[in-house]
Amino acid sequence: MKKEYKTMCIGEKLADAASLPKDVVMGASVVTVLGSDEVIIENYRGIIEYTDSLVRVQTKGKQIRLCGKRLQVEYYTNDEMKITGCICSIEFCT
Amino acid sequence: MIESIIRYMRGYVKIRVEGESTERFLNLCSHHKIFIWGLAPCDTAYEMYVTIDGFRKLRPLIRKTHVKVALVKRHGFPFFVFQNRKRKLFVPGFLLCVSLLYAYSSFIWDIHFEGNETYTDQVLLEFLEQIDVTPAMPKGRVDCPQIVKEIREEYDDIVWVSVSIEGSRLFIHVKENEDTFLDEDDMENSARADEAVSMENVAPADLVATMDGTITEIVTRSGVPLVHAGDVVKKGDILVSGRIEVLNDAKEVTGYRYCRADADIYADTQLVYENTISRTYEEKVYQQKEQRIQFYLTVGDVRVSIGSKAHPFEKYEVSTEEYTLKLGENFYLPLNYGKIHVKSYQTEEKKYADRTVQEKLTEDFQLFCQKLQEKGIQIRDNSVRIYLNGDVASAQGTLYLNQAIAEAADTEIIEMVERNEEDESIRSDN
């Protein structure tokens with residue numbers, strides 16, 4: 001636990017200490033998974049790749065990789081996007 | 001749902017984006033706040049929906065990202081209007097539709113009753129018709145408080161009425177007085193009791209046996225009991241006398257006092273039961289191919305029919321189904337339709353099976369017993385048996401009952417005048 005705390009940046013530590021939501025302070029992405037067929041991603045930078053079996057979304061610092069079948073973007077706005085389809089995996093890659 | 005209606009009203013298009021940097025195009029769209037939905041990959045391209053405003057803003061993005069955008073389909077009301085711009089009558093028709101809808105909604109088309117149990121909808125409707133409240137009347141002429149007043153005045157049993165207009169429906173909620181019938185019953189009972197009391201004062205009566213039997217229980221309230229439990233009585237025997245002897249100190253009868261005898265007297269009686277039914281019966285066998293159906297429609301006095309009901313059948317059944325077309329619940333139109341069905345049949349003589357006959361006779365007997373029990377007659381035993389003789393089946397036997405056998409009859413009035421005179425003559429002799 002201590003080690004983890006040491007690796008955190010100042011902003012993160014501040015957010016942690018002040019109990020502020022990290023998505024607001026740090027711009028961390030919010031990934032909401034509803035069952036296995038609906039994912040809502042907030043706080044992202046943009047789509048890097050999109051096919052019906054793979055969606056790669058760039059967030060601040062990391063990429064979110066969604067693998068599945070028949071993937072479809074229900075809506076795509078500046079703030080959030082909703083992906084539906086048969087989702088097999090969600091990965092965070094650097 | 002609301003979102004899709006708004007989208008439809010504003011109009012939207014389906015576009016197909018093709019090129020090398022389609023992802024960049026998507027990101028630019030979101031950056032320029034162009035709302036995209038229904039994004040789906042299609043071969044090497046993407047298909048998506050975008051609003052008309054969004055579509056107009058796409059040009060610089062297309063130029064920047066070197067993608068090809070093709071319009072696949074147009075959706076929404078603005079496109080619908082544009083497509084039908086040459087249909088001259090469409091707009092007047094639409095306006096007429098709206099105006100008719102508005103005009104028709106200013107009439108009462110239906111009258112709905114709730115809470116009425118004794119007064120049927122039909123009765124209340126007829127009354128409303130008398131006071132000029134009918135379906136298809138203008139809403140403006142409906143005076144709810146007046147209707148309430150009229151209904152209250154007409155029907156005493158209705159203790160509460162609420163009249164309201166809901167859309168084009170007149171909603172009448174009534175509450176009936178549930179105690180009305182109870183009160184009537186009570187009044188009848190009390191009247192009967194009063195009558196009995198007055199009768200008691202005027203007409204003395206004995207209690208006589210209505211049938212032969214053996215007394216099992218006797219509880220006398222007034223009068224002199226002449227029988228006891230265990231006595232065998234015949235029909236017409238006096239059970240309780242309404243004439244009470246007045247004795248002097250020497251135990252001699254000096255006079256009579258009369259009253260209306262009252263007692264509960266139960267006796268064991270016997271009842272001969274016999275029920276005979278025929279074992280043969282006629283069964284109708286309908287001829288599937290020999291039938292006529294006529295459909296008809298009646299508008300006012302004009303009747304239009306399809307098909308014929310003329311037939312050469314010897315034995316036939318005619319059934320008619322008729323329906324009246326109505327709007328809502330109570331607005332009947334002068335339009336009736338229905339069908340007349342003529343079915344030919346042949347009769348076949350059949351015989352009931354032993355078991356069926358037994359079941360029928362048993363059922364009849366049980367019904368008979370049930371009726372007796374409803375009258376308060378107790379069935380102690382029975383010796384009823386079923387006999388099957390050729391074409392006739394019968395249930396015969398005796399029922400052993402226990403029932404009230406007393407019946408009021410006028411008391412014989414004995415005049416004591418002569419006896420008094422005799423007494424006086426004896427005294428004078430002395």
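Helices here are DSSP runs of H or I with at least four residues, and strands are E runs of at least two, numbered from the N terminus. On that basis chain B has eleven helices and 25 strands. Its radius of gyration, taken over C-alpha atoms, is 45 Å. The globule rule, 2.2 Å times the number of residues to the power 0.38, gives 22 Å for 430 residues, so chain B is more spread out than a compact globule. Along the principal axes, the C-alpha atoms fill a box of roughly 155 × 65 × 55 Å.

A word on the model. This is a predicted model, in which local features need pLDDT of at least 70 and side-chain atom pairs count only at pLDDT 80 or more, while totals for chains, interfaces and linings use all residues. Residues are numbered from 1 along each chain as its sequence is written, chains are lettered from A, and side-chain values use heavy atoms, without hydrogens or water.

Now the salt bridges, meaning a side-chain nitrogen of Lys or Arg within 4 Å of a carboxyl oxygen of Asp or Glu. The whole structure has 16 over all chains. One of them joins B:Asp53 and B:Arg56, at 3.9 Å from N to O. These two sit three residues apart in helix H3 (residues 52-56) of chain B, about one turn, and both are exposed (over 50% relative accessible area, 1.4 Å probe, protein chains only).

B:Arg221 and B:Asp264 also pair, at 3.1 Å. That bridge links distant parts of the chain, from strand E11 (residues 213-222) to strand E17 (residues 262-278), 43 residues apart.

Finally, B:Lys14, B:Arg16 and B:Glu47 form a salt-bridge network.

Definitions and conventions. Buried < 20%, exposed > 50% of the residue type's maximum accessible area, 1.4 Å probe, protein only.
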